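Let's take a friendly look at aromatic rings and the company they keep. Have the structure open beside you as you read.

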2 protein chains.
Amino acid sequence: MGPERHPDIEPLAFLLGTWRGEGKGEYPTVQPFAYGEEARFWHVGKPFLAYAQRTWALDDERPLHAEMGYWRPQSNGGVELILAHPFGITEIEIGAVTGRRVELMTHSIEGSPMAKEVTRVERSFHVAGEVLVYDLRMAAVGQATAHHLHAELRRVAE
Amino acid sequence: MGPERHPDIEPLAFLLGTWRGEGKGEYPTVQPFAYGEEARFWHVGKPFLAYAQRTWALDDERPLHAEMGYWRPQSNGGVELILAHPFGITEIEIGAVTGRRVELMTHSIEGSPMAKEVTRVERSFHVAGEVLVYDLRMAAVGQATAHHLHAELRRVAE
């Protein structure tokens, strides 16, 4: 059963659950690629959503990316996304939720001494029915901001 | 079964598993408190450990803190810890592993616009047998660096 939802998470409650699907990636420095993805959004009764996702190669299922963190809805319709990435960066994105759409962009990025260089991320999430669509643009490894990821996921569990 | 361990995680493999136990907290701005904790360290075949922990009040089990992120062992004995916190901060700590002891301190901390203020964190983890002991010192909310947390956890699952 779990705890009751904190009322402050209602603006983001449409994200709760486990989502699976496929995406396509591109960037000026890499060959286009396709991937599988699972993303989970859950709550613990407090005023944030916990979030973890992982992606894998469609051919041999080897793990590709992963990230974990927290979505913090604010009383003014704002959203703060607090993320850790295993390639050595932390990221805070801020943005807004409008209906079932969330738009976010970089507030701060920090890299560990051995991290890959990423300087800007822009994300757009949109849920229609049981489908979550997202796009991600980023500036990294000396490139200007460019489209990187597009995926469509279906809710597979509440 | 899961994937084989990446050889680079061997220096931190002693942390793998699920740990549960109790801790005590203190800080100049709060009353001393006791808490329960579960911490999980796992791997996905890549050169890092994924990490998530949560704590709860011993009286009514209401959730207290949580954090998630990644531990990145480096070839020189170094460790990078990449963390997201639900109260609105990201944290990168760097340090070293010696035997079954890890010592870490802040490399960078960033806060979201609505985050609590934390400026420095120092952590020490030590595993002896099936017991993991950690201490955490921090500087936050205008205070100098002071002892904040001490906990002893036992491995309850590999």
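Which residues do ring pairs link into a cluster? They are A:Phe41, A:Tyr51, A:Trp71, A:Phe125 and A:Tyr134. Rings of Phe, Tyr and Trp (its six-membered ring) pair if their centres lie within 6.5 Å; planes under 30 degrees apart count as stacked, over 60 as edge-to-face and the rest as tilted.

This is a predicted model, in which local features need pLDDT of at least 70 and side-chain atom pairs pLDDT 80 or more, while totals for chains, interfaces and linings use all residues. Residues are numbered from 1 along each chain as its sequence is written, chains are lettered from A and ligands numbered from 1 in the order in which they are written, and side-chain values use heavy atoms, leaving out hydrogens and water.

Searching the whole structure gives 14 aromatic pairs over all chains. Here are two of them:

| Pair | Centre to centre | Angle between planes | Type |
|---|---|---|---|
| A:Tyr51 and A:Trp71 | 5.7 Å | 85° | edge-to-face |
| B:Phe125 and B:Tyr134 | 5.7 Å | 35° | tilted |

A:Tyr51 belongs to strand E3 (residues 49-57) of chain A and A:Trp71 to strand E4 (residues 63-73) of chain A, so their pair ties together parts that are 20 residues apart in sequence. Strands (E, at least two residues) are DSSP runs, numbered from the N terminus.

Both A:Tyr51 and A:Trp71 are buried, meaning under 20% relative accessible area (1.4 Å probe, protein chains only). In chain B, B:Phe125 is buried at 4%, and B:Tyr134 is buried at 7%.

Charges can join in too. B:Arg40 sits over the face of B:Trp42, 4.4 Å from the ring centre; this requires CZ of Arg (or NZ of Lys) within 6 Å of the ring centre and within 35 degrees of the ring normal.

Key
Helices (H or I, at least four residues) and strands (E, at least two) are DSSP runs, numbered from the N terminus. Buried means under 20% relative accessible area, exposed over 50%, partly exposed in between (1.4 Å probe, protein chains only).
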